[in-house]
Structure formats: structure tokens, C-alpha cells
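Visitor: Please take a close look at a single part of this model and set it within the chain as a whole. I would like the cut-offs behind each term stated as you go.

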Amino acid sequence: MFKIARKYMRLYGIFIKNCLIAQMEFRGNFMMSMLVESVYLLAKLLYVLVVFRTDLHVEGIPPEGLLLFIGMHTVVTGIYVGLFLTNFMKIPEYIKDGSLDLMLTKPVSLQFMASLRYVDLALPIPDILVGFVMVGIGWHAMDIPLTFLQLAGFALLLFVSVVITYCLMIIPALLSFWFVQTGSVSDIAHSVWDANNFPMAIYPAWVRRIGTFIIPLFLITNFGPMFLIGQLSWLHVGLALAGSLLFFAAVRLLWKQAVKGYSSASS
């Protein structure tokens with residue numbers, strides 16, 4: 001198991017290196033991507049300005065605490081656009097033009113190749129940096145102890161957020177194995193993603209239940225900050241980790257079923 005993990009880590013390192021070399025060949029595009037993403041981020045920061053100017057409180061959480069939620073959402077958005085977005089957009093193309101046939105011949109996991117082959121190193125930089133700055137400001141302003149346990153719990157829930165993000169956002173791409181056009185499903189998924197920018201307490205109870213237990217979208221942004229401000233215990237952290245791994249296993253089974261029904265574009 002360790003040898004397999006090391007093999008895939010080495011392969012992923014090669015992916016990152018190749019993507020970096022390719023992006024550095026067109027440094028103007030690299031800088032332009034960062035600039036465009038910074039403009040989008042600036043628009044998002046207007047939310048922060050509104051929160052502080054209106055002294056918005058959500059279920060007793062002050063504006064400084066809301067920075068934890070907005071920052072968490074911004075960090076995970078950066079990870080998503082950097083690691084997953086390009087790959088998920090390419091999966092329908094692989095199916096249509098037959099590129100998946102070549103990947104099937106590789107001596108590595110097809111899901112690994114198709115969903116992690118490309119890494120965008122420009123787009124996530126502004127989001128991740130500014131997101132962590134917002135988390136840090138909120139952490140300090142809320143007088144949250146900077147202990148190993150707090151850092152470990154937050155890091156673990158950030159990992160949970162990344163796993164759930166991968167599982168949720170790959171589903172529209174998987175539908176391409178059965179349906180020709182899935183762009184509208186992806187658009188809906190991204191619209192719902194943007195609705196996860198604030199604490200889930202702003203939504204009715206039935207929406208919170210769906211977003212936690214059926215479509216675990218709220219775990220992405222909410223659980224990390226909720227742990228920091230004392231609204232979640234370590235038991236909840238363990239349950240969130242177990243749930244994310246079960247979700248990944250379910251997506252893995254869905255992928256295998258999708259590949260079983262795949263017919264080559266050249267056939």
C-alpha cells in the first residue's frame with residue numbers, strides 16, 4: 001500500500017512539474033490568469049465590506065467570525081479551481097473524442113489520470129492567499145487559541161472539505177458517460193457552490209439537513225469555522241472525516257460503473 005501511494009505521489013509530482021513548465025512558457029497568460037482571478041476575488045471582498053459596514057451577525061456570530069466562513073470558502077474555491085476544475089471540464093471531452101481510450105491503456109488508475117492530470121498554478125494563488133489571510137484575521141479577532149489541537153482540527157476539516165469538493169463537483173462530469181450534454185448540470189453545481197459562502201444558519205432547517213446529510217455541501221465551508229468557534233466537537237470531526245471517505249468510496253463505485261458502460265468514440 002505504501003509503495004502504491006508513493007508511486008502515485010511521484011506521478012502527481014510529475015503532473016505538477018509538467019503543468020508548471022507548460023504555464024511558464026506563456027508567462028503573460030499566467031500573470032493574466034492571476035489578474036483575472038484577483039478581479040473576481042475583489043468582487044467577493046465586497047461581501048466582506050458589506051458584512052462589516054452593516055455589523056451583520058448570524059446566530060450570534062459577529063462579522064469577525066463570519067470572516068472564518070468567507071475565508072474558508074475562498075481557500076477551498078482556490079483549491080478547487082487549481083486542482084480539479086480543468087480536469088472535470090475535460091472529462092466530457094475525453095469521452096467525446098476518444099482520448100479516454102488511450103488513458104485506459106496506462107498502467108495507473110483511470111480515475112487518477114482523468115481527474116487529476118492538470119494543475120492550474122495561477123488561478124488558485126490569489127484565492128488561497130487571501131482566504132487564509134481572512135481566516136487568520138477572524139481567528140485572531142475571535143480570540144481563538146492557537147494550539148496544536150485547533151490547528152490539527154482545522155487542517156483535518158480542510159482535508160474533509162477538499163475530499164467532499166472533489167466528490168460533489170466530479171458528479172456532473174461523470175454524467176457525461178450517459179448523457180451528451182451536461183453543461184447545465186455543471187452550471188447548477190457552480191451556482192449552488194456560490195451559495196455556500198456564509199454560515200448555513202442563514203438557511204431554513206430543512207435546507208441545512210439536506211446540505212449536511214444528503215448533499216454535504218455545507219460541510220465544505222461550515223465545519224472548519226464551526227470547530228474553531230466551539231460549535232463542533234472532535235466527535236463531529238471524526239464523523240465528518242468518516243462521511244467524506246464514505247462519499248469518496250461511493251463516487252469511486254460510480255466511476256467504475258460509468259467506465260463499464262463506456263463505449264469508445266472510435267467504435
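Guide: What follows starts with the whole chain, moves to helix α10, and then turns to one of its packing partners and to some other places along the chain.

This is a predicted model, in which local features need pLDDT of at least 70 and side-chain atom pairs count only at pLDDT 80 or more, while totals for chains, interfaces and linings use all residues. Residues are numbered from 1 along each chain as its sequence is written, and side-chain values use heavy atoms, with hydrogens and water left out.

The secondary structure of the chain comes to eleven helices and zero strands, where helices (H or I, at least four residues) and strands (E, at least two) are DSSP runs numbered from the N terminus. The C-alpha atoms of the chain fill a box of roughly 60 × 40 × 40 Å along the principal axes. The radius of gyration, taken over C-alpha atoms, is set against a globule rule of 2.2 Å times the number of residues to the power 0.38; for 267 residues a compact globule would come near 18 Å, and the chain, at 20 Å, agrees with this. Of the 267 residues, 45% count as buried, a word that stands for under 20% relative accessible area, with exposed meaning over 50% and partly exposed in between (1.4 Å probe, protein chains only). Contact means heavy atoms within 4.5 Å, and among contacts between residues at least 6 apart in sequence, 79% join residues at least 24 apart. The accessible surface of the chain is about 14,400 Å², of which 71% belongs to carbon and sulfur atoms; accessible areas come from the Shrake-Rupley method with a 1.4 Å probe, and for residues only the protein chains shown count as cover.

Against that background, helix α10 (residues 218–228) deserves the close look: eleven of its eleven residues are buried, so α10 is largely enclosed by the rest of the structure. The buried residues are Phe218, Leu219, Ile220, Thr221, Asn222, Phe223, Gly224, Pro225, Met226, Phe227 and Leu228. They pack against six helices, namely α3 (63–97), α6 (124–141), α7 (148–174), α8 (183–194), α9 (205–214) and α11 (234–260). Just after α10, Gly230 takes a positive phi of about 85°.

Among these partners, α7 can be followed residue by residue. Thr165 lies in helix α7 and, with a relative accessible area of 1%, is buried. Leaving aside neighbours within four places in sequence, Thr165 is in contact with Val76, Tyr80, Phe84, Trp193 and Ile220, and Ile220 is one of the buried residues of α10. Tyr166, which also lies in α7, is buried at a relative accessible area of 7%. With neighbours within four places again set aside, Tyr166 is in contact with Phe84, Phe88, Gln111, Ser115, Leu116 and Phe248; the C-alpha atoms of Tyr166 and Phe248 are separated by 8.3 Å, although the two residues are 82 apart along the chain. Ala173, likewise placed in α7, is buried at 4% and, beyond neighbours within four places in sequence, is in contact with Phe88 and Ile91. From Ala173 to Val185 the distance is twelve residues in sequence and 8.9 Å in space, C-alpha to C-alpha.

Two cysteines may be added here. Cys167 counts as buried at 0% relative accessibility, and Cys19 is buried at 6%. With a disulfide taken as a pair of cysteine sulfur atoms within 2.5 Å, the count comes to zero disulfides.

Other places give a contrast with enclosed α10. Asp143, in the loop between α6 and α7, has a positive phi of about 55° although it is not a glycine, and is exposed with a relative accessible area of 66%. Asp55, in the loop between α2 and α3, has a positive phi of about 50°, again without being a glycine, and counts as partly exposed at 47%.
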